[in-house]
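Trainee: Got a minute to walk me through this one? I'd like to get my bearings before I go back to the bench.

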Amino acid sequence: MASNVTLIATAAMGIEAFVAREVKDLGYEDVKVENGRVLFEAPVSAIPRSNLWLRTADRVRLLVGRFKAYSFDELFESTKALPWEQFITEDGEFPVIGKSVKSKLYSVPDCQSIVKKAIVERLKQKYGVASILKETGAFYRVEVAIHKDEVLLTIDTSGSGLHKRGYRVGQGEAPLKETLAAALVQTTNWKPDQPFVDPFCGSGTIPIEAALIGQNIAPGFNREFASENWNFIQDSHWDEAFQEAEDCANYDQPLDITGSDISHEMVEIAKTNAMEAGLGDLVKWKQMQVKDFNPRKDNGYLIGNPPYGERMGDREEVENMYRDLGVRMRDYPSWSVYILTSNEKFEKFYGREATKKRKLFNGFIKTDYYQFFGKKQ
Ligand SMILES: C[S@@+](CC[C@H](N)C(=O)[O-])C[C@H]1O[C@@H](n2cnc3c(N)ncnc32)[C@H](O)[C@@H]1O
C-alpha cells in the first residue's frame with residue numbers, strides 16, 4: 001500500500017502561486033509549480049486534508065504515472081506497468097476521461113480506451129480475475145492527459161470541483177467562482193478584525209469566502225469528496241481531517257464584513273447563501289448603490305467584482321459608476337481598494353493609478369485585479 005503519494009492540485013491560470021502557498025501552509029514542503037497545477041509529495045492523509053482545506057485549487061488529483069508516449073503500444077505498456085492495484089480495488093468502477101494537446105497521440109477516444117484496457121489487464125492479473133471486472137464498487141475517475149507527448153495519468157480525488165463548497169443555492173448573472181473569490185481575499189493584507197466591504201456583492205461569494213477565511217473554517221467542511229470511500233485511505237485519516245477542521249475553526253473570531261448590492265434581489269440571495277454556509281448573521285448585508293458607500297471606520301478593505309460593462313449599452317453606465325467609486329474613495333484614504341474588472345481603462349475612470357495590478361482569468365475573461373493600498377492611520 002502506498003504510504004506517500006504525489007498529488008496534483010489543479011488551478012486556474014494565474015492562481016497557481018496561491019495554491020502552492022496553501023499547500024505549504026498545510027505543511028507539505030515538497031511543492032512544484034507548473035502551468036495550471038501544483039504537484040506535491042505527501043502522506044496519504046494529505047488527500048482528505050488538501051480536499052478539505054485548499055480554498056483556491058479546482059480539484060486534487062492523485063498522480064499514478066507520468067511518461068512519454070509516441071505510440072499506442074507505448075501508452076498501453078507504460079500504463080499497464082503502473083501499480084493501479086495500490087489504489088483501485090478489485091470491484092472498483094473506473095471510467096477513463098482524456099485530453100490531448102500538441103501530441104502524436106491525438107485521438108482522445110482511442111487513448112481513453114487503451115488506458116482503460118491496460119488498467120483492466122493489470123488489475124485482472126494482480127487480483128487473479130479471469131473473467132470481467134465487476135466495477136460495482138467505489139468510484140475512481142481516471143484521467144489521461146497528454147501534452148506534447150507527455151502522458152499524465154491521474155485519479156480525481158475530489159469529485160465535484162472544489163469551488164462547490166455546498167453553500168451556493170442562489171446566484172446572479174455573473175457569479176464569481178468561489179476559488180477565485182478566495183484568491184482575491186488572500187491577495188490582500190486584510191486581518192479578520194478589520195472592516196471588509198464588497199459593495200458589488202451579487203450572490204455574496206467574496207464576503208462569504210472572507211468570512212470562512214476570517215474564522216479559519218475549512219471550505220470543504222460541508223461537502224463530500226470522491227475519495228471518501230476509497231479503501232487505501234483509512235477512515236481514520238478522514239475522521240482526523242474533519243476533526244482537525246473542527247478544532248481549527250475559530251467561531252469566536254469577531255468579523256466586520258459587509259456585502260451590499262444595488263439589487264434587492266441579489267442581497268436576498270447573498271443572505272440565503274451565507275445562511276447555507278453556516279455563517280448565520282455574521283456577515284451584514286444591505287441594499288445600497290456604491291456611490292452611497294459611507295464607512296464609519298478607518299483602515300478598511302473594499303474588495304469588489306463590479307460589472308465590466310462588456311455588453312453594448314452598459315459601458316457608459318459602468319464607467320460612470322467606476323468614476324463615482326473613485327470620487328467616493330478619495331474621502332477614505334486609509335481604505336485599501338481591490339477591484340477585479342476586464343475594463344482596461346479602469347484606472348482612468350477611477351482617477352488613480354493602481355499601486356499594483358495582477359492579471360487573472362475570471363472564467364474565460366481576461367481581467368486585471370487593481371489594487372490601491374490605503375494609507376494606514
Ligand atoms: C459581477 S456581479 C458580482 C458577482 C458577485 N461577485 C458574485 O459572486 O455573485 C456585479 C454586481 O454589481 C451590482 N451592481 C451594479 N451596479 C451597481 C452599483 N451602482 N452599485 C452597487 N452594486 C451595483 C450588480 O447588481 C451585480 O450583482
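**Two domains and a ligand**

Mentor: Sure. The C-alpha centres of domain 1 and domain 2 lie 36 Å apart. Keep in mind that this is a predicted model.

Trainee: OK, where do domain 1 and domain 2 run in the chain?

Mentor: Domain 1 covers 4-156, and domain 2 is made of 178-220 + 255-372.

Trainee: And how many residues of each are in contact?

Mentor: Twelve from domain 1 meet eleven from domain 2. On the domain 1 side, helix 2 (residues 46-53) gives the most, with three residues. That side of domain 1 splits into seven nonpolar, three polar and two charged residues.

Trainee: Which residues does the THUMP annotation cover?

Mentor: UniProt, in an unreviewed entry, puts "domain: THUMP" on residues 46-157. That stretch is 33% helix and 27% strand in the model, and its end C-alpha atoms are 11 Å apart.

Trainee: Switching to the inside. How many residues are in the largest nonpolar core?

Mentor: There are 99 residues in the largest nonpolar core, and Leu-7, Ala-9, Val-19, Val-115 and Leu-184 have the most contacts inside it. Helix 5 (residues 178-187) supplies the largest share, six residues. Domain 1 and domain 2 each put at least three residues into this core.

Trainee: Is there a general reason why nonpolar side chains end up together?

Mentor: In soluble globular proteins, they tend to be buried together.

Trainee: What does Ala-9 touch, then?

Mentor: Leaving out residues up to four places away in sequence, Ala-9 touches Val-19, Val-23, Val-38, Leu-54, Ala-57 and Val-60, along with Arg-37 and Ser-50.

Trainee: New topic, the ligand. Which residues come nearest?

Mentor: Phe-200, Gly-202, Ser-203, Thr-205 and Ile-262 do, out of 21 residues around the ligand. By type, the shell has twelve nonpolar, eight polar and one charged.

Trainee: Thr-205 is in helix 6, right? Is helix 6 mostly covered or mostly open?

Mentor: Mostly covered: nine of the ten residues in helix 6 (residues 205-214) are buried. Thr-205 is one of those, and so are Glu-209 and Gly-214.

Trainee: What do the buried residues of helix 6 pack against?

Mentor: Two helices and some strands, listed here: helix 5, helix 8 (264-276), strand 8 (196-198), strand 9 (257-261), strand 10 (283-287) and strand 11 (301-304). Helix 5 is also the one giving the largest share of the core.

Trainee: And what comes just after helix 6?

Mentor: Asn-216 sits there, with a positive phi of about 55°.

Notes
Residues are numbered from 1 along each chain as its sequence is written. This is a predicted model: local features need pLDDT of at least 70, side-chain atom pairs count only at pLDDT 80 or more; totals for chains, interfaces and linings use all residues. A nonpolar core is a set of buried Ala, Val, Leu, Ile, Met, Phe, Trp, Tyr and Cys residues joined through C-beta atoms within 7 Å. A residue is buried if 20 or more other C-beta atoms lie within 10 Å of its own, exposed if 12 or fewer, and partly exposed in between; C-beta atoms are placed from the backbone. Helices (H or I, at least four residues) and strands (E, at least two) are DSSP runs, numbered from the N terminus. Domain bounds come from an automatic or database domain assignment. Two residues are in contact if their C-beta atoms, placed from the backbone, lie within 7 Å. A residue is near a molecule or strand if its C-beta atom, placed from the backbone, lies within 6 Å of it. Ala, Val, Leu, Ile, Met, Phe, Trp, Tyr, Cys and Pro count as nonpolar, Asp, Glu, Lys and Arg as charged, and the others, Gly among them, as polar. UniProt positions are given in the numbering used here, feature names are shortened, and annotations may be inferred rather than shown by experiment.
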